[in-house]
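Biologist: Could you walk me through a structure, one small step at a time? I am new to this and would love to ask questions as we go.

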Amino acid sequence: MGDPVPVREEAQVRLDLLALKDKVFCFCLGFVGNAADARDLAQETFAKALAHCGESRPENPQAWIMRIARNTCLDMARRRKSRGPHYPVSEYAAGDGETPELHAGREEEIRIVRKAIDRLPRRLRDVLVLREYAELSYQEIAQTLRIGSGTVMSRLHRARRTVLRFYREEHHGKNT
Amino acid sequence: MEKTPERWNEIAALIREEKNQALDYLRSRDFDPRAALETRPVGRSFRLWTQRPGLLAAAAALFLAVGLVSFWLLRGGWKSAPTAPAWSGILADSLLYGGGDRFEARIPAAGSLEPVAPYFTAWAKAGLERAAVAAGEPFDPAAPVERADPGEVRQKIGRMIRAGAIERLLASMEKINKEV
């Protein structure tokens, strides 16, 4: 381990990390598909990150915490696997001016997208979730996953194409 | 590369909607990482053990120490360990072979021992004699079975099986058993 981080610097790292709360939460949401679990995972991620930010001294706090979030999500996915399949539960009510039928329809569409993302291979899912849920740039995704920007682009393209194909097939299946 | 279909915008809109709803949920509740620290899952202690090389090394050293103490307690010292040949050492750990030494020490001389079960002894001896005669080899009751060459024993058993000696032995044992 290196020299201890000065208190002011560590406090700044903590503030930088906490500013990423929404991104981390959305990333976890992209992995698990429901807000309650995503909140738990985000809290666990921050608990780990805040406990170790002093000793780890991350050069790129965003990439560092996203890696922690990813590992935390994968840990939970492993635990879930042993407990059986997980089906996301909708926690939301219909919004203003939205009929229950319309709301149910949108929920169903979101469910199909979630199903498609869950079926993606892990490498593709990582990139898609970092891009679409955490809204990271190609460069930031490349730093987080420690891969090239070209790889990020090709994986993202494949992931989107796969999700779209599944989405179309599901719709086609329902319409026929 | 195939152009990403334009319909992706629809998917992106759905994802955006899902995110907005989820963010509303998050903002309506407390976000307290310390709570997650206090309610860490059960697997944490195991991960700590396996992720720290120092702890693993300490556990391995403790395991080795316990093993050595157990060995010392069982053997009563270190004398027998380096002098014993490898195979004898391994065999000596088995209950029957290890016990054999103690029995041999108590036996004064071959032949002077009173049989514990005379009927069984006679039955077994007769059976072995007949098997040996059937296999065409002289019967040697004093042959040291446990020190025999394993290859030779295998050959003998193979010859006996080919000659049908074992079947005859079983038949004769059955006959003796009926007579007794």
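Modeller: Here are some questions and answers about the chains and helices shown above.

Biologist: Which scores does the model get for ipTM and pTM?
Modeller: A good place to start! Keep in mind that this is a predicted model. Its scores are ipTM 0.81 and pTM 0.54.

Biologist: Which element of chain B has the lowest mean pLDDT?
Modeller: Chain B averages a pLDDT of 70, and 54% of its residues score at least 70. Where pLDDT is low, the predicted coordinates should not be read in detail. Among the elements of chain B, helix H1 (residues 8-27) has the highest mean pLDDT, 89. The lowest, a mean of 50, belongs to helix H7 (residues 95-106) of chain B.

Biologist: What percentage of the residues of chain B count as buried?
Modeller: Let us first see what chain B is built from: ten helices and zero strands. Among its contacts between residues at least 6 apart in sequence, 63% join residues at least 24 apart. A residue needs 20 or more other C-beta atoms within 10 Å of its own to be buried. Of the 180 residues of chain B, the share that counts as buried is 7%.

Biologist: Which helix gives the most to the side of chain A that touches chain B?
Modeller: The contact between the chains takes 28 residues from chain A and 26 residues from chain B. On chain A, helix H2 (21-32), helix H3 (35-56), helix H5 (100-119) and helix H8 (149-175) each supply at least two residues. With nine residues, the one that gives the most is H3(A).

Biologist: And how many residues on that side of chain A are nonpolar?
Modeller: We can sort the side of chain A that touches chain B by class. Two residues there are polar and ten are charged. The nonpolar residues number 16.

Biologist: Are H2(A) and H3(A) parallel or oblique to each other?
Modeller: Two packed helices are described by the angle between their axes and the distance between the axes. The axes of H2(A) and H3(A) come within 8 Å and cross at roughly 130 degrees. Because of that angle, the word for H2(A) and H3(A) is oblique.

Biologist: How many charged residues are in the contact of H2(A) with H3(A)?
Modeller: H2(A) passes H3(A) in a right-handed crossing. Among the residues in contact are Val24(A), Phe25(A) and Leu29(A) of H2(A), and Ala38(A), Leu41(A) and Thr45(A) of H3(A). By class, the contact has nine nonpolar residues and one polar residue, and its charged residues number three.

Biologist: Which residues of H6(A) does H2(A) meet?
Modeller: The axes of H2(A) and helix H6 (residues 122-132) of chain A come within 9 Å and cross at roughly 140 degrees, so H2(A) and H6(A) are oblique to each other. Their crossing is right-handed. From H2(A), the residues taking part are Phe27(A), Gly30(A) and Phe31(A). In H6(A), they meet Val129(A), Leu130(A) and Glu132(A).

Biologist: Which residues of H7(A) are in contact with H6(A)?
Modeller: The axes of H6(A) and helix H7 (residues 138-145) of chain A come within 10 Å and cross at roughly 135 degrees. H6(A) passes H7(A) in a right-handed crossing. H6(A) brings Asp126(A), Val127(A), Leu130(A) and Arg131(A) to the contact. On H7(A), the residues are Ile141(A), Thr144(A) and Leu145(A).

Key:
Residues numbered from 1 in each chain as written. Chains lettered and ligands numbered in written order. Predicted model: local features only at pLDDT ≥ 70, side-chain atom pairs only at ≥ 80, totals over all residues. Contact = placed C-beta atoms within 7 Å. Helix = DSSP H or I, 4+ residues; strand = E, 2+ residues; numbered from the N terminus. Nonpolar A, V, L, I, M, F, W, Y, C, P; charged D, E, K, R; others polar. Axes fitted to C-alpha atoms, helices over the stretch in contact; angles between N-to-C directions. Parallel < 35°, antiparallel > 145°, perpendicular 65-115°, else oblique. Left-handed = near helix turned anticlockwise from the far one by under 90°. pLDDT = per-residue confidence, 0-100. Buried ≥ 20, exposed ≤ 12 C-beta atoms within 10 Å, placed from the backbone.
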